[in-house]
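Dear colleague,

I am passing on the structure below, together with some notes on what came out of going through it. Please read them with the coordinates open beside you.

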Amino acid sequence: MHEPVGLFITGTGTGVGKTAITAALAAAFRRKGLSVGVMKPVATGCKMGARINPGTPRQLISEDAARLRRAAGSEDPMDLVCPYRFEPPVAPWVAGMGARINPGTLRLDRIEQAFQSLAARHDLMLVEGIGGLLVPLNERHTVADLARRLNLPLLVVGRAGLGTINHTLLTLESARSRGLEVAGVVLNGRSSRPSLAERTNPRVIQKLGGTQVFGIVPRVSSPTPERIAPYLKTNALLKQIRSRPERRQVRRRRLSRLDRSRLWHPFTQMADWEKEEPLVAESGEGVTLTDTRGNRYLDGVSSLWVNLHGHNHPALTRAVREQAGKLAHSTLLGASNVPAIELADELLRIAPKNLSRVFYSDSGSTAVEIALKMAFQYWQQNGAPRRKKFVHFVNAYHGDTIGSVSVGGIELFHKVYGPLLFKGFKVPAEESLKTFKKTLKAHHREIAAVVVEPLMQGASGMITQPPGWLKTVERLCRRHGLFLIADEVAVGFGRTGKMFACEWEKVQPDFLCLAKGITGGTLPLAATLTTEKVYRGFLGPYKSLRTFFHGHSYTGNPLACAVALENLRLFRREKVLAALQPKIRLFQKELARFRELRHVRDVRQKGLMAGIELAPYAWEDRIGIRVCQELRARGILLRPLGNVIVLMPPLSITPEQIRFLCRETFEAIKKVTANV
Ligand SMILES: *Cc1c(COP(=O)(O)O)cnc(C)c1O
């Protein structure tokens, strides 16, 4: 659908002759009868041109862009060929730092729009980058991000001679680690009597870089397209770039077939799934996910409630890469590792002050499971062995392992497993907490702990609790000497507008269960935080068997801990919680409109979490799913909970995107419910 044909030409550095090579390719392809579109999206070192008419402003002129246009024989307007032209001869973002002029914020969307309108007019596109891949374009994006956005494979231009191998391999590695596809390499500026290095470089690059060299161009005094083109393997290159859309289509079909014949998806009726074309996500940036067809979607549920700062956030991606270069995994059983230690300290700094120990695992379910086992075992070995039961709430969700399902309360998911589960006290989460109080009064001597989702029960349909409710639960736990387990797997890490939901009511749980957002939505990790009192209850001589006998192969995984640390740094560095407040107010305002819809029964919201409950259609009617299907066609990805449409975008969503998300959801609900 959006499969562009062409190349993004980048260099191993500045001044390697990208423009000469691009112009030569444009001329060569044009001679083959193709209509070639060229772009030099960002040009620096531009000169002020003459006034064309009195009264019209003078324009900055990019020599390079003009050269490309001539080579391609293009008549495209300069504002499309070169939408950003700057006078200072440095990277645009750096020029802004020079502050003499403000170049304004460079927007990738604007370049992309120009690109698309040119791509629609031509057989293929040649886009010349600026400098190398890591040249900053604005605060957040580099040339590599632009290349990814345009979805073109790279042609890397390097300088023939000494140092080529190093520079070229660095560029190739950097490109691939940023998810870019490399079409090949061209080496430019070979001397007339090639040195040993110049003669061997192409072979070495081909071998170590795992890519093809599409030409070795000699150094010439006037590098016109005519002089250069004969040294380029234009036929081979053209064949490769023209066959790419078809190659991608073949791959897409194969993936679709394999998905349906090999995978088993979670919480999915596979009989339905097999009938439909799967959406296969391939890349992401910010709140946007891109599938293998090139379709883009706003990730309206943060990839199932995990993503916070957007996809492919440069800082998070870098944290993963850097840690991967050191150590991907080693065990916490009998050894420790650097990120696991540092993260524990950081987590305790931001958690309620009574918590002092961190136990890692890898999912929300295990974080809860661990809290249950710790609470249980604590009483077994600390003088209250009768305390074996847990109090939990109707409509609670704490995960899918047998222990966490045992304290869950969603009939639809959990009924079939009934015989496998241990029994506790399931009480309604009523406003008065009447049953809860009664249960505690009558049974507190048998109760180990109370498990709760603070502020909002997520998976049962975003059911909110009235103010003061959580505080009352805490007070009653204290009165009866019970542990309070706060499952903040969904509500933690800023979702409700504070770092942790417990902060709203200054609640200090004995166990805090964290997962989902802990790594900013990048890698699986979970943590169960607890108090010194609980921790001390497990100390003793080895033979006392007070050890906590629990651990997973990947407990404290260094990669996950490293990226979790960076997630916490991002909260501080980008002042995420402060930036969130106006967005929450806007979200609230936008959501208020939904009450106008006849088939909307309730709208519930906390921070950037919301549930829009539709009329009680029979669940078999799958109205929620149909609304989400409608939204998919509108470029939004959601996952409903029965008749509740869940909106839970990444915290990094912009006000503009909040409006888009709410407007389209409103229209989709209106459309789908009009006919039922
Ligand atoms: C998602 C969730 C869990 C389970 O987490 P997983 O990582 O999916 O195992 C537990 N509790 C709450 C409140 C959740 O939202």
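In sorting residues by character, Ala, Val, Leu, Ile, Met, Phe, Trp, Tyr, Cys and Pro are taken as nonpolar, Asp, Glu, Lys and Arg as charged, and the others, Gly among them, as polar. On that basis the shell around the ligand comprises four nonpolar, five polar and three charged residues. Please keep in mind that this is a predicted model.

The ligand is surrounded by Trp305, Ser363, Gly364, Ser365, Tyr397, His398, Gly399, Glu453, Asp487, Val489, Ala490 and Lys516. Among these, Ser365 places a polar side-chain atom 2.6 Å from an oxygen atom of the ligand, and Lys516 likewise has a polar side-chain atom 2.6 Å from a ligand oxygen atom, while for Asp487 the polar side-chain atom lies 2.6 Å from a nitrogen atom of the ligand. The ligand taken alone exposes 380 Å², of which the protein buries 84%.

I also looked at an open sheet of three strands, which has the order 23-24-26 and antiparallel pairing. Strand 23 (600-606) and strand 26 (644-647) are the edge strands, and because each has a single partner strand, one side of each is left without a neighbour in the sheet. From one strand to the next, the twist averages 15 degrees. Strand 24 (residues 609-614) pairs with strand 26 in the antiparallel sense over four bridges, and Glu613 stands opposite Val644 in strand 26. Across strand 23, strand 24 and strand 26 lies helix 22 (residues 576-592), which runs at about 175 degrees to strand 23.

With best regards

Terms used. Residues are numbered from 1 along each chain as its sequence is written. This is a predicted model: local features need pLDDT of at least 70, side-chain atom pairs count only at pLDDT 80 or more; totals for chains, interfaces and linings use all residues. Side-chain values use heavy atoms; hydrogens and water are left out. A residue is near a molecule or strand if one of its heavy atoms lies within 4 Å of it. A polar contact is a pair of N or O atoms within 3.5 Å; within protein, one must be able to donate a hydrogen and the other to accept it, and residues adjacent in sequence count only if both atoms are side-chain atoms. Accessible areas come from the Shrake-Rupley method with a 1.4 Å probe; for residues, only the protein chains shown count as cover. Two strands pair if DSSP finds at least two bridges between them. Helices (H or I, at least four residues) and strands (E, at least two) are DSSP runs, numbered from the N terminus. Axes are lines fitted to C-alpha atoms, for helices over the stretch in contact, and angles run from 0 to 180 degrees between N-to-C directions. Contact means heavy atoms within 4.5 Å.
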